[in-house]
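Let's take a walk through this model, starting with one strand and working outwards. Keep the structure open as you read.

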Amino acid sequence: MPFSYKTESKKFGKALLEMAVRAHREKISQYVSKDNMHSFQHGRSWLTVREDGTEESSFKEAGVELSIGYEDLIKNDINQFFQFLDTFIEGFTSQTMQGMFQTISESCDKIGNTVNQKENASQAEVFLEMLKKVEFSVNENGQVELPQIHVGTDAAEPLMQSLESQGEEFHAEVERIKQEKSEAALKKEKVRLNRYKGIDI
Amino acid sequence: MKAYLVAIGCDDYQSETLNDLSGAENDASAVYDVLVDSEYSIYEKESSYLLKSPVINDVKGALEEALFDKECPDIFTLFFAGHGGVVDGTYYLCLNETKTDRMSFTGLSLTEIFRIVSSSEVKHVNLIIDACNTAGLVHDLLSLIKPELMGAKGSFGISILAAAASDEYAGEVAGQGLLTGSLINLISGREKVNSDVEFLDLVNLGRVISTKFIQEGKDQTPSSWGMNLYGPSIFSKNPYHSQDDTISTHDFSFIPPASRVGMVLLNYKDDLWGLYDDLDNTEGVRDFLEVIRSAGEAVDNTDDLVTLLKGVGYRFIEKFSPECDFKQLELINAISTVLIPYLSNEKARVAFSEFMALFKFYSVRLLDDTLANLQEDKYYLINKEGAGFDVLSNYYYLPIRLSKLVGYFAQLLLVDEGSNKKVSAFLDLVRKDYRGHLMVISEEQAPYLHSFFGIYHVLGKGDQVKDFLISYMRDYIGCSGQVAALNLPTEDTLKFLIQRYAQNKVNIEYKSNPDSLGASLLLQSNAYGIGEDVDSVLHILDRHSFHLFIPSNISQFGEKVIENGFNMVLRCGSNFWTCKDFNDIVKEHFDKYSEVDLSSLSSIEKFSCVASSFVQPDRIPLMV
């Protein structure tokens, strides 16, 4: 083929892939801090070390089938270019998120840290029950971080409506739990930091 | 094309006037092996004969079978090693029962051989005689030069190679005739004749051998004759002929293209030729590793793999000679890496040891050169090439360069502890002039620094480099463990460097996360007894994630991606609060999840792991 731009095309493809990977990571970062996104070069497994023992886990594969027709290229249909990229990014992101929520769900089931809606009267009560079971954390600046709530798009509105329709007593209870959990988190953080030889708080 | 061989070697003589020989049978066997039993064979095994100390009837029987009982060949080759001589104008081959006082009855004359051959329908005859006075066979040629035997259409052609002039003896070295030894070198590909033709002819080979003997001043003058030659006078396959006349395997290796390994290598010739021409860029040796790894997977057995690695490896290494270059060490490490899965094979281990010895040879020279250059010019390790702003790249690359140097010189100590004094002298110069660059910049430094400190510790010389570890650890904590990610694109290294010094937090995309360099430094701090000092400032690294890959075994440690093994990420302030905690967790999990027994590793295994990590710095050789 005349004027193939072989090397340049290869670099173009590599740059595009890197751009797509960056976009994928940006999307994931809405749910997971970038600090907690780790890249590994080797192996198919990792070890999660906890005080009560070590757990072995395996990587799960994610894949997206992509294709673009020569006909689209010859027509110079630029929409196909963006669709190709979107399919890649959305495909990987949705699979990653699905895997993440599945893992969280399995972990919660395993230790019984779940709330069954059927046993409760309203979504607000489920929310309250959930809040009681969640442990608050402290960020690197020493500030308490409230837990995130992820719900499906269909469930979000009813939940918000249910919460807003609750009386003062309910909201006071929420605030009390938040206060109690925040204090517990700060206390725990203090204990944690005091385990360092160079810290005495 | 049908080709048959009759190879005769006669060591044992019944006659008291003919001394027994010791190398003739060896010669015949060696010729038979190369012509009939090797990858270059064009001779049919079932119609070829190897006769050791035969009687005359054995020889006549073999000739009859080959030329008359079977389908007559296009090419017939007769090789003889033993006593021979001219009696009454005829050259005789002396066989087991030959008596010198009645040669015409008990010896096999060339005239008779010519008569037998001429009565067959063979197209071309090759005759090789490694015996004394062989040029005396000229007497018998007259019996051939007859119009009824030669010249007519379809009459046979003959090529003759004789070991010595009619008044010379044929020499022997280490149980092999000089002529036969030279001939075998040429037809087995150990030496090259040319690459132009697919088949070698005996007359041309004779010329090459004769020229060489004259140049080397040997007391023996081989000669060759050709008669009635038409068309190609085929004797053997040319190991150096390649169908592709653009690039031959011999252009980038010592492997003949027509050999089994050469034919595999031809599939990689464009890549290897490209690399041979330009190994200078940083990725060059890593690309070389990928190509030889792929080529290695394409050969059938370990013997061929060793042939391939030696043939390609020595050629690439030799390219830099007589000068020395760290590329040679990198190439040796790349070749060693490919050999790792085969270290249980004896031949592979021997080859590995040879490359280790070569590593020692070059690294000692490089150490001497580096010392001399540094003594002469203290700025020697600063890259001064380029123009304008280029020199500022030293702020990023000089610390990495230093880590590589200390790593390579520590690898030398694995094979030659005697070089310790010189390595110490080098380290003293680094202390004196480059102390400010003993710092952590990139994850790429991890395997070099881990090996450097690991090897010194194992050798019981840790005290000699403890100050280096303190410098690195101090810098690591000072920059809150923010080191550049492995393979960070060049344009981002600059951004990383500026952020490292100008901001508290470097952009996560530029830094290694989780990082293995810090994990290695924590392990070494514990081993070097500075763990408690580090503990007092460890809170600075709170929430930092440290990564180690625990390989399941050593045999896969050279692979591009090591499939079997476990990634372990330990978070400071969650999993551990002291260096000792960290070390204990790593040790416990290494013992549990790896089959590698650290207490019984051989020097070859240690060297191999270091070699692999130096050429592929995405792994740390925890075994050292």
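Two strands count as paired if DSSP finds at least two bridges between them. With that in hand, look at I8(B): it stands opposite F80(B) in strand β3 of chain B. Bear in mind that this is a predicted model.

**A covered strand in chain B**

I8(B) belongs to β1(B), and that strand pairs with β3(B), residues 75-81, in the parallel sense over seven bridges. β1(B) also has a second partner: four bridges join it to β2(B), residues 49-52, again running parallel. Here V6(B) is the residue to find, as it stands opposite Y49(B).

How much of β1(B) is buried? Seven of its seven residues, 3-9, are. In a regular strand, side chains alternate between the two faces of the sheet. In β1(B), both faces are covered: A3(B), L5(B), A7(B) and G9(B) are buried on one side, and Y4(B), V6(B) and I8(B) are buried on the other.

Following the chain onwards, β1(B), helix α1(B) (residues 24-36) and β2(B) make up a β-α-β unit, and its hand is right.

Here are the strand pairings side by side:

| Strands | Sense | Bridges | Residues standing opposite |
|---|---|---|---|
| β1(B) and β3(B) | parallel | seven | I8(B) and F80(B) |
| β1(B) and β2(B) | parallel | four | V6(B) and Y49(B) |
| β1(A) and β15(B) | parallel | three | L47(A) and M568(B) |

**Where the chains meet**

The last row of the table crosses from one chain to the other: β1(A) pairs with β15(B), residues 565-571, in the parallel sense. L47(A) is the one standing opposite M568(B) there.

Overall, 21 residues from chain A and 28 residues from chain B take part in the contact. On the chain A side, β1 (45-50) and α6 (168-194) each supply at least two residues. β1(A) gives the most, with four. As for chemistry, that side of chain A splits into seven nonpolar, seven polar and seven charged residues.

**The nonpolar cores**

Which residues have the most contacts inside the largest nonpolar core? They are L309(B), L339(B) and Y472(B), in a core of 112 residues. Helix α14(B), residues 394-415, provides the largest share of this core, 11 residues.

Zoom in on Y472(B): leaving aside residues up to four places away in sequence, it touches L438(B), M439(B), V440(B), L449(B) and L521(B). Apart from this core lies another, of 75 residues, including A30(B), L63(B), A131(B) and Y240(B).

Key. Residues are numbered from 1 along each chain as its sequence is written. Chains are lettered from A and ligands numbered from 1 in the order in which they are written. This is a predicted model: local features need pLDDT of at least 70, side-chain atom pairs count only at pLDDT 80 or more; totals for chains, interfaces and linings use all residues. A residue is buried if 20 or more other C-beta atoms lie within 10 Å of its own, exposed if 12 or fewer, and partly exposed in between; C-beta atoms are placed from the backbone. A crossover is right-handed if, with the strands pointing away from the viewer, the path from the first strand over the helix to the second runs clockwise. Two residues are in contact if their C-beta atoms, placed from the backbone, lie within 7 Å. Ala, Val, Leu, Ile, Met, Phe, Trp, Tyr, Cys and Pro count as nonpolar, Asp, Glu, Lys and Arg as charged, and the others, Gly among them, as polar. A nonpolar core is a set of buried Ala, Val, Leu, Ile, Met, Phe, Trp, Tyr and Cys residues joined through C-beta atoms within 7 Å.
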